[in-house]
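Here are some short exercises to work through with the model open beside you. Try each task before reading its solution.

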Amino acid sequence: MLARADELVSSKIVGDGIPASLTGSSGDAARGRALVLARTTTCILCHSGPFPETRFQGDLAPDLSGSGNRWSVSQLRLRLVDASRFNPDTIMPSYYRNDGLVRVGRNFAGKPILSAAEIEDIVAFLTTLRD
């Protein structure tokens, strides 16, 4: 089970991203990979990617292959924190936000889905996915 954060770390959006780490340091790509492949809450439910060992990958969202080429660290961080900044009609959850949300499960009401450290771990992993 993933650890949940009770408080959000403030972040500053600059252009189309969040340039500063939410934790003050880089995440761990190995932990990020495990989080991306966790079927209970994150990426693999909707996205596919270069994960041949993982069956039944999602097909609702873009393939994660080449994420490190398509988006900067800053852009990836904002996409995870609040994807609705890019597309107000997105079905992608805002993983690090707790206000102004709709269709929130009881277990996540008033708190983010992922912690700041988990966001940084996923960002660290996604940046390694290059074509």
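**Exercise 1. Decide whether Phe56 is buried, partly exposed or exposed, and describe its backbone.**

Solution. In this predicted model, begin with the relative accessible area of Phe56, which is 65%. The cut-off for exposed is over 50%, so Phe56 is exposed. Next, place the residue: Phe56 lies in the loop between H1 and H2. Finally, look at the backbone: phi of Phe56 is near 60°, a positive value in a residue that is not glycine.

**Exercise 2. Find where His47 sits and classify it as buried or exposed.**

Solution. First, the location: His47 belongs to the loop between H1 and H2. Second, the surface: its relative accessible area is 13%. Buried means under 20%, so His47 is buried. Third, the neighbours: leaving aside residues up to four places away in sequence, His47 touches Gln57, Gly58, Ala61, Pro62 and Leu64.

**Exercise 3. List the secondary structure elements of the chain in order.**

Solution. Start by counting: the chain has four helices and zero strands. Then read from the N terminus, which gives α-α-α-α. For the chain as a whole, 41% of the 131 residues count as buried. Then turn to the contacts with a separation of 6 or more: residues 24 or more positions apart account for 54% of them.

**Exercise 4. Work out how H1 and H4 are oriented to each other, and which residues make the contact.**

Solution. Two packed helices are described by the angle between their axes and the distance between the axes. Here the angle between H1 and H4 is about 95°, and the axes are 7 Å apart. Angles of 65 to 115 degrees count as roughly perpendicular, so H1 and H4 are roughly perpendicular to each other. Now for the residues: H1 brings Ala29, Arg31, Gly32, Arg33, Leu35 and Val36, while H4 brings Glu118, Asp121, Ile122, Ala124, Phe125 and Leu126. Sorting the residues of this contact between H1 and H4 gives seven nonpolar, one polar and four charged.

**Exercise 5. Do the same for H3 and H4, and add the handedness of the crossing.**

Solution. Helix H3 spans residues 73-81 and helix H4 residues 116-126; their axes come within 10 Å and cross at roughly 135°. That makes H3 oblique to H4. As for handedness, H3 passes H4 in a right-handed crossing. On the H3 side, Val73, Leu76, Arg77, Leu80 and Val81 take part, and they meet Ile119, Glu120, Ile122, Val123 and Leu126 of H4. The residues of the contact of H3 with H4 sort into eight nonpolar, no polar and two charged.

**Exercise 6. State how many residues of H3 and of H4 are buried, and what packs against them.**

Solution. Take H3 to begin with: seven of its nine residues are buried, so the helix is mostly covered. Among the buried residues of H3 are Ser74, Gln75 and Leu78. What covers the buried residues of H3 includes H2 and H4. Now take H4, which is also mostly covered, with ten of its eleven residues buried. The buried residues of H4 include Ala116, Ile119 and Val123. They pack against H1, H2 and H3.

**Exercise 7. Classify the aromatic pair formed by Phe51 and Phe125, and say which parts of the chain it ties together.**

Solution. A pair of aromatic rings is described by the distance of the centres and the angle of the planes. The ring centres of Phe51 and Phe125 are 6.1 Å apart and the planes lie at 35°, so the pair is tilted. Phe51 is in the loop between helix H1 (29-36) and helix H2 (67-70) and Phe125 is in helix H4, so the pair ties together parts that are 74 residues apart in sequence. Both Phe51 and Phe125 are buried.

**Exercise 8. Place Leu8 and find what it touches.**

Solution. Leu8 lies in the segment before H1. With a relative accessible area of 32%, Leu8 is partly exposed. Not counting residues up to four places away in sequence, Leu8 touches Tyr96, Arg97, Asn98 and Pro112. To finish, check one distance: the C-alpha atoms of Leu8 and Ser115 are separated by 8.0 Å, although these residues are 107 residues apart along the chain.

Notes: Residues numbered from 1 in each chain as written. Predicted model: local features only at pLDDT ≥ 70, side-chain atom pairs only at ≥ 80, totals over all residues. Heavy atoms only, no water. Axes fitted to C-alpha atoms, helices over the stretch in contact; angles between N-to-C directions. Helix = DSSP H or I, 4+ residues; strand = E, 2+ residues; numbered from the N terminus. Parallel < 35°, antiparallel > 145°, perpendicular 65-115°, else oblique. Left-handed = near helix turned anticlockwise from the far one by under 90°. Contact = heavy atoms within 4.5 Å. Nonpolar A, V, L, I, M, F, W, Y, C, P; charged D, E, K, R; others polar. Phe/Tyr/Trp six-rings, centres within 6.5 Å; stacked < 30°, edge-to-face > 60°. Buried < 20%, exposed > 50% of the residue type's maximum accessible area, 1.4 Å probe, protein only.
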